[in-house]
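Reader: I would like to go through this structure contact by contact. Please keep the answers short.

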Amino acid sequence: MSLTAALRLFIAGLVWSWVFWTTAPAAYAHEVRPAFLRITEVSPESFQVIWKQPIISGRRLRIDPKFPESCTQTDPTLDRAGSTIAERFTVNCDLQQGEISLPGLENTLTDVFVQISYLEAEPRSALLKPAAPVLPLSGPAASPAKDYLGIGVEHIIFGWDHLLFVIGLALLVGGRKVWGVATAFTLAHSITLAATALGGVSLPSRPVEILIAGSIVLLGVEILRKRAGRETLGSRRPYIIAFAVGLIHGFGFAGALAEIGLPEGTELLALFLFNIGVELGQFAVIFAALVTLWGLSKMGRYWRRSAEWMLSYGIASVAMFWVIQRVVPYFGGV
């Protein structure tokens, strides 16, 4: 390694270390994972509640559903499976009046599916988000299906794994071709998501997370090789690479979604809208990346080249950090 390359790597490491320390919560939240509150009436005004939430970085969310004041509830039993923890308890009251809220949800990036099944009344379902963590129990019930579009966008914008991969695609491919490459990534992502959420196909979450981080490391290396003037597999076969990696990335979100579940009756529409949201999110990120690089080019060749090598080293470095972070627990018995 030349002195210049070593200096660049050192500077990039300092910059990205600063980014990591100042954005630590987001850096560890590599997936935007949903939670699910399923409420089933088993006898008049007696409801069986299952509260499922994701375990992120070894920790559960400190969020507990709050029911109307007139309700009484039993002590919960806990059950952990994979990257999900479930609480089961019984609530006794009339859940057709008042509201259900999730205090603390506003401090997370997590959306919550809520489904209430009554013995006689029409079922009620909703998608609670950090900006609106309250479900009114009276009045007309609205379908939450349209909200899955927003989840798809958030999956890209706030999911650091996928955000870095999409930015990497813009650096590796660039130009008009990058739009088709991103669509190939979405198509593959959709296949594994549907297979997991609807067909029961699943892979262990931790190996999948390691593979996702590893794929971003390889993408960073491909970008650096291309910048050095070498022919790379990614530049020769970008559609195949994006499709193959998309299959892996799809299992990341899909595994958590399969463990949590989807509200009954909205599965297909929800998955369709989610993937449309993913595509829109990718296009927004790619557009912003290309416009930024174009703007830097107008400032001068030096500025664009500097930004590209900073991003290239940064993407590879951050992804390698994730690989180590996700591999180390294996040796600690976690």
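Author: A disulfide here is a pair of cysteine sulfur atoms within 2.5 Å. The model is a predicted one.

Reader: Which residues does the disulfide join, and what is the S to S distance?

Author: The search of the whole structure gives one disulfide. The cut-off is 2.5 Å. Cys-71 and Cys-93 are joined, with S to S at 1.9 Å.

Reader: What is the handedness of the disulfide of Cys-71 and Cys-93?

Author: The torsion about the S-S bond decides this. For Cys-71 and Cys-93 that torsion is about 65°, so the disulfide is right-handed.

Reader: How many residues apart in sequence are the parts that Cys-71 and Cys-93 tie together?

Author: Cys-71 sits in the loop between strand E3 (59-60) and strand E4 (72-73). Cys-93 sits in the loop between strand E6 (84-92) and strand E7 (99-101). The pair therefore ties together parts whose separation in sequence is 22 residues.

Reader: Are Cys-71 and Cys-93 buried or exposed?

Author: Buried means under 20% relative accessible area. Cys-71 and Cys-93 are both buried.

Reader: Which residue in E6 stands opposite Thr-72?

Author: E4 pairs with E6 in the antiparallel sense, over two bridges. Across from Thr-72, in E6, stands Asn-92.

Reader: Which residue in E6 stands opposite Leu-78?

Author: Strand E5 covers residues 77-81 and pairs with E6. The sense is antiparallel, with five bridges. Opposite Leu-78, in E6, is Glu-87.

Reader: Which residue forms a salt bridge with Asp-111, and how far apart are the closest N and O atoms?

Author: One salt bridge is found in the whole structure. The cut-off is 4 Å. Asp-111 pairs with Lys-129, and the closest N and O atoms are 3.3 Å apart.

Reader: How many residues apart are Asp-111 and Lys-129?

Author: Asp-111 lies in the loop between E7 and strand E8 (112-117). Lys-129 lies in the loop between strand E9 (124-128) and strand E10 (134-136). These are distant parts of the chain, and the two residues are apart by 18 residues.

Reader: Does Lys-129 count as buried, partly exposed or exposed?

Author: Its partner Asp-111 has 2% relative accessibility, so Asp-111 counts as buried. Partly exposed lies between 20% and 50%. Lys-129 is at 21%, so Lys-129 counts as partly exposed.

Reader: What is the area of the nonpolar surface patch with Leu-269?

Author: Leu-269 lies in helix H9, residues 267-299. At 45% relative accessibility, Leu-269 counts as partly exposed. Together with Phe-272, Ile-276 and Leu-280, Leu-269 makes a nonpolar surface patch of about 380 Å².

Technical notes. Residues numbered from 1 in each chain as written. Predicted model: local features only at pLDDT ≥ 70, side-chain atom pairs only at ≥ 80, totals over all residues. Heavy atoms only, no water. Helix = DSSP H or I, 4+ residues; strand = E, 2+ residues; numbered from the N terminus. Buried < 20%, exposed > 50% of the residue type's maximum accessible area, 1.4 Å probe, protein only. Salt bridge = Lys/Arg side-chain N within 4 Å of Asp/Glu carboxyl O. Pairing = 2+ DSSP bridges. Patch = residues over 30% accessible without salt bridge, like charges linked within 9 Å, V, L, I, M, F, W, Y side chains within 5 Å. Areas by Shrake-Rupley, 256 points an atom, 1.4 Å probe, with all protein chains shown as cover.
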